[in-house]
Amino acid sequence: MDEVIRVQNLSFAYKQDYEVLKNISLVFDKKSTAIIGQNGAGKTTFVKLLKGLLKPTSGEIYIKGYNTKEVSTAFLSKYIGLVFQNPNDQIFKNTVLEEVMFGPLNILKDKKQAQENAIKALEMVGLQDKMHIHPYDLGLSDRKLVSIASIVSMDPDIIILDEPTIAQDHKGNTIIKNVIKELKEKGKLVITITHDMDFVAEIFERTIVLNEGIILLDGNTREVFSQQEILKKAYLELPHVAQLAKKLGIKQTLLTEQELINFLKHNKLNN
């Protein structure tokens, strides 16, 4: 296994005697991974710890072999990038291009290379024709794409997306899915925290279920969504296709529309 992140006996508390995360141990390889759970489960806290924005109360986190307690957030930014849920928490430059160039410029110290990286990232999210516009003249969905491009342009090995599909229409969702697929093809580890079960089912290979600071499930996405009773304990619903398949009496856990269509066609031919 190509280990990218190791989490050992991690606990974290904002206040004494109130642990948000409790003795978590995980290893991440390059499988795209979704972290799901209700509000308050500890998802955002967990990814802030991975990014180094918070330090563990106890336990260790290693990013590409570096202990997050021993290196700065700036150092870690070469290896791990976090796209915030609200792009307004991330965007601060006067043009889209300047915003997307900011990260690589600080890491590479080479303006030409930073600009090349930025333009490639903007092409990935379909905003190359808006690079000279002020980010706040764009709608929320496009600002979200700008914030994704600004992390992609830094070319980190690990990219974390916090609720990437919020405020996105079908076109925006398709762009984000294609970006994730392209990042996976480049050997990047993509992690998301999300409430969008359909998005998880379609894109992510591994799914981790957090509930009240502990891991309830961790495994192949299909296997996780087959554990309906455990998901109920975490107040999580199945993806819509999986729900429909259950209503049709199909015992298999189907995750995408195409899987359902193929199943129905195959069984129609056999009947």
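Buried means under 20% relative accessible area, exposed means over 50%, and partly exposed is what lies in between. Keep these cut-offs at hand for the exercises below. The structure you are looking at is a predicted model.

**Exercise 1. A salt bridge within a helix**

Task: Find the salt bridge between Glu-229 and Lys-232, and decide whether Lys-232 is buried, partly exposed or exposed.

Solution:
- Step 1. Go to helix α9, residues 228-233, where both Glu-229 and Lys-232 lie. They are three residues apart, about one turn of the helix.
- Step 2. Look at the side chains: Glu-229 and Lys-232 meet in a salt bridge, at 3.6 Å from N to O.
- Step 3. Apply the cut-offs. Lys-232 has 47% relative accessibility, so it counts as partly exposed. Glu-229, at 53%, is exposed.

**Exercise 2. Salt bridges between separate parts of the chain**

Task: Where in the chain do the partners Lys-30 and Asp-2 lie, and which parts does the pair Lys-130 and Asp-142 tie together?

Solution:
- Step 1. Begin with the total: the structure has twelve salt bridges.
- Step 2. One of them joins the side chains of Lys-30 and Asp-2, at 3.4 Å from N to O. This pair links distant parts of the chain, since Lys-30 sits in the loop between β2 (18-28) and β3, while Asp-2 is in the segment before β1 (5-15), 28 residues apart.
- Step 3. Check how open the two partners are. Lys-30 is partly exposed at 38%, and Asp-2 is partly exposed at 45%.
- Step 4. Turn to Lys-130 and Asp-142, whose closest N and O atoms are 3.0 Å apart in their salt bridge. Lys-130 is in the loop between α4 and α5 and Asp-142 is in helix α5, so the pair ties together parts that are twelve residues apart in sequence.
- Step 5. Compare each value with the cut-offs: Lys-130 has 26% relative accessibility and is partly exposed, whereas Asp-142 has 17% and is buried.

**Exercise 3. The largest nonpolar core**

Task: Which residues touch the most other members of the largest nonpolar core, and which element gives the largest share of this core?

Solution:
- Step 1. A general idea helps: in soluble globular proteins, nonpolar side chains tend to be buried together.
- Step 2. In this model the largest nonpolar core has 48 residues, and Ile-148 and Phe-225 touch the most other members.
- Step 3. Elements that give two or more residues to this core include β3 (33-36), α3 (96-108), α5 (140-152) and α8 (221-225). The largest share, six residues, comes from α5.
- Step 4. Now select Phe-225. Leaving out residues up to four places away in sequence, its contacts include Ile-36, Met-197, Val-200, Leu-231 and Leu-255.
- Step 5. Another core, of 31 residues, lies apart from this one; among its members are Val-20, Ile-24, Ala-41 and Leu-54.

**Exercise 4. Two serines in loops**

Task: Are Ser-153 and Ser-77 buried or exposed?

Solution:
- Step 1. Locate them. Ser-153 is in the loop between α5 and β7, and Ser-77 is in the loop between α2 (73-76) and β6 (80-83).
- Step 2. Use the cut-off. Ser-153 has 2% relative accessibility, so it is buried; Ser-77 has 13% and is buried as well.
- Step 3. See what surrounds them, not counting residues up to four places away in sequence. Ser-153 touches Val-100, Pro-104, Asn-117, Ala-118 and Ala-121. Ser-77 touches Lys-51, Ile-107, Met-154 and Pro-156.

**Exercise 5. Aromatic pairs**

Task: What is the angle between the planes of Tyr-66 and Tyr-79, and what is it for Phe-92 and Phe-102?

Solution:
- Step 1. A pair of aromatic rings is described by the distance of the centres and the angle of the planes.
- Step 2. There are seven aromatic pairs in the whole structure. In one of them, Tyr-66 and Tyr-79 are 5.4 Å apart centre to centre with 35 degrees between the planes, a tilted pair. Tyr-66 is in strand β5 and Tyr-79 in the loop between α2 and β6, 13 residues apart.
- Step 3. Tyr-66 is partly exposed at 32%, and Tyr-79 is buried at 19%.
- Step 4. Phe-92 and Phe-102 form an edge-to-face pair, with 4.9 Å between centres and 85 degrees between the planes.
- Step 5. Finally, return to the tyrosines: ring pairs link Tyr-66, Phe-75 and Tyr-79 into a cluster.

How values were computed. Residues are numbered from 1 along each chain as its sequence is written. This is a predicted model: local features need pLDDT of at least 70, side-chain atom pairs count only at pLDDT 80 or more; totals for chains, interfaces and linings use all residues. Side-chain values use heavy atoms; hydrogens and water are left out. A nonpolar core is a set of buried Ala, Val, Leu, Ile, Met, Phe, Trp, Tyr and Cys residues joined through side-chain atoms within 4.5 Å. Buried means under 20% relative accessible area, exposed over 50%, partly exposed in between (1.4 Å probe, protein chains only). Helices (H or I, at least four residues) and strands (E, at least two) are DSSP runs, numbered from the N terminus. Contact means heavy atoms within 4.5 Å. A salt bridge is a side-chain nitrogen of Lys or Arg within 4 Å of a carboxyl oxygen of Asp or Glu. Rings of Phe, Tyr and Trp (its six-membered ring) pair if their centres lie within 6.5 Å; planes under 30 degrees apart count as stacked, over 60 as edge-to-face and the rest as tilted.
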